[in-house]
Amino acid sequence: MRFFYLDILRIISIIAVICIHVSASLVAKTSTPPFDWIVGNLFDSFARWAVPVFVMVSSALLIGNKEMPIVEFYRKRLAKILLPLLSWSVLYYFYRHFFFQRSCVLYGF
């Protein structure tokens with residue numbers, strides 16, 4: 001069953017998360033002019049609701065899965081999350097190591 005309002009909420013949340021990432025570059029720099037910093041901080045502040053909304057939408061969509069045993073639930077999702085997490089972590093590690101010519105410290109490795 002598809003919920004149209006949850007799809008719309010996801011789309012709006014995606015735009016807000018992009019806004020957070022774009023405005024973070026203005027807020028984090030110490031050399032940002034004051035007006036630019038204020039505008040970046042406003043956009044960043046007004047978009048902070050997006051991440052909790054993603055969690056709530058995901059939870060709302062998982063509520064109907066009460067028949068599935070908890071072990072099976074986590075086993076199905078762990079494979080979908082763990083492989084991309086490890087793949088991207090290795091990719092970013094080598095990217096930073098070879099393109100920035102720095103030694104990378106990744107959790108003590």
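## Starting with the first helix

Which residues of α1 are buried? They are L6, D7, S13, A16, I20 and S23. Keep in mind as you read that this is a predicted model.

Helix α1 takes in residues 4-28, which makes 25 residues. From its first C-alpha to its last it reaches 36 Å, close to the 36 Å you'd expect at 1.5 Å a residue. As for what lies over its buried residues, the cover includes α2 (34-46) and α3 (50-62). Not everything on this helix is tucked away, though: V22 is found in α1 too, and V22 counts as exposed at 55% relative accessibility.

## The whole chain

Let's step back for a moment. The protein chain has four helices and zero strands, so its elements simply read α-α-α-α from the N terminus on. The chain has 109 residues, and 14% of them count as buried.

What about the outside? The chain exposes about 9,300 Å², and carbon and sulfur atoms supply 73% of that area. Now take the contacts between residues at least 6 apart in sequence: 54% of these join residues at least 24 apart.

## One side of α3

Helix α3 has 13 residues and reaches 19 Å from first C-alpha to last, close to the expected 18 Å at 1.5 Å a residue. Its buried residues are A50, V53 and V57. They cover an arc of only 50 degrees around the axis, which puts them on the same side of α3. Here's the general rule to remember: an α-helix has 3.6 residues a turn, so residues three or four places apart point the same way.

Where are V55 and M56? They sit on the other side of α3, and they are exposed. The cover over the buried residues of α3 includes α1, and α3 in turn is among the elements covering the buried residues of α1.

## D44, a buried acid

Is D44 buried or exposed? D44, found in helix α2, has a relative accessible area of 9%, and because the cut-off for buried is under 20%, D44 is buried. If you leave aside its neighbours within four places in sequence, D44 is in contact with I20 and S23. Both of those are among the buried residues of α1.

There's also a link in distance between D44 and V22 of α1. The two are 22 residues apart in sequence, and their C-alpha atoms are 8.4 Å apart in space.

## Two salt bridges

How many salt bridges does the structure hold? There are two. In one, the side chains of D44 and R48 meet at 3.1 Å, N to O. D44 is the buried residue we just met, while R48 is partly exposed, with a relative accessible area of 48%.

In the other, the side chains of D7 and R2 meet at 2.9 Å, N to O. D7 counts as buried at 19% relative accessibility, and you've already seen D7 in the list of buried residues of α1. Its partner R2 is exposed, with a relative accessible area of 69%.

## A nonpolar patch

Finally, take a look at the surface. W88, V90, L91, Y92, F94, Y95, F98, F99 and F100 make a nonpolar surface patch of about 1,000 Å². One of them, F99, has its place in helix α4, which covers residues 70-100. F99 is exposed, with a relative accessible area of 61%.

Note on methods:
Residues numbered from 1 in each chain as written. Predicted model: local features only at pLDDT ≥ 70, side-chain atom pairs only at ≥ 80, totals over all residues. Heavy atoms only, no water. Helix = DSSP H or I, 4+ residues; strand = E, 2+ residues; numbered from the N terminus. Expected span 1.5 Å × (residues − 1). Buried < 20%, exposed > 50% of the residue type's maximum accessible area, 1.4 Å probe, protein only. Contact = heavy atoms within 4.5 Å. Patch = residues over 30% accessible without salt bridge, like charges linked within 9 Å, V, L, I, M, F, W, Y side chains within 5 Å. Areas by Shrake-Rupley, 256 points an atom, 1.4 Å probe, with all protein chains shown as cover. Salt bridge = Lys/Arg side-chain N within 4 Å of Asp/Glu carboxyl O. Arc of directions from axis to C-beta.
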